[in-house]
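Biologist: Could you take me on a close look at one part of this predicted model? I'd love to hear how a single helix sits among its neighbours.

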Amino acid sequence: MAQSDFNLQLIEEFRANGGEIVSGRFKGLPLLLLTTTGRKTGEPRTTPVGYTMDGDQMYIHTVNAGRPQVPQWYWNMAANPDITLEIGAETHRATAVLMSEQESERLLARFADREPRLQPVLDRMTAEAAPNPPRQIPIVRVERL
């Protein structure tokens, strides 16, 4: 699947500004560039994603901007947890640790309480899924190597 023009522009802006997004709807949000290995192709795939710090632990959620499906990068991490992160101007190797469904729900509720821009997205996902429950939103803990 080809990288979307939108993601390519975010990646370019991120790298041109030392790891910051300085315009648009993601301005000022904590973003990183996540590189996974494609589970089918074996090729590297880089995607801008939001992250949350909880103490000294880093987490990535799969809200996927409110889309009804879990993002492909999550499935790539499930197949191969060796990842690369670009945070600010630094690059780190890391391991993705997939949280259980219960732990993901607990963490997501805590993150939504702290991040005012997250709760409206979750509310919209719930409304759009009705009368069915909204999809699960897996959380990934990142362990830097």
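**A helix and its surroundings**

Modeller: Happily! Let's take α3: helices α3 and α4 are oblique to each other. Their axes cross at roughly 125° and come within 7 Å. That angle is neither over 145, which would count as roughly antiparallel, nor in the range 65 to 115 for roughly perpendicular, so the pair is called oblique. For orientation in the sequence, α4 covers residues 118–129, while α3 covers residues 101–114.

Now for the side of α3 that faces α4. Leu108, Phe111 and Ala112 are the residues that α3 brings to this contact, and from α4 come Leu118, Gln119 and Leu122. Sorted by class, five of the residues in the contact are nonpolar and one is polar, with no charged residue taking part.

α3 has a second neighbour, a sheet, so let me introduce that next. The sheet is open and has seven strands, ordered β2-β1-β5-β6-β7-β4-β3 with antiparallel pairing. At its edges lie β2 (44–50) and β3 (52–54), each of which pairs on one side only. From one strand to the next, the twist averages 35°. The partner of β3 is β4 (residues 57–61), which runs antiparallel to β3 and is joined to β3 by three bridges. Within that pairing, Met53 has Met58 in β4 as its bridge partner.

Back to our helix: α3 packs on this sheet, where it touches β3, β4 and β7 (139–144). Relative to the direction of β3, that of α3 makes an angle of about 100°.

Conventions:
Residues are numbered from 1 along each chain as its sequence is written. This is a predicted model: local features need pLDDT of at least 70, side-chain atom pairs count only at pLDDT 80 or more; totals for chains, interfaces and linings use all residues. Side-chain values use heavy atoms; hydrogens and water are left out. Two strands pair if DSSP finds at least two bridges between them. Helices (H or I, at least four residues) and strands (E, at least two) are DSSP runs, numbered from the N terminus. Axes are lines fitted to C-alpha atoms, for helices over the stretch in contact, and angles run from 0 to 180 degrees between N-to-C directions. Contact means heavy atoms within 4.5 Å. Angles under 35 degrees count as roughly parallel, over 145 as roughly antiparallel, 65 to 115 as roughly perpendicular and the rest as oblique. Ala, Val, Leu, Ile, Met, Phe, Trp, Tyr, Cys and Pro count as nonpolar, Asp, Glu, Lys and Arg as charged, and the others, Gly among them, as polar.
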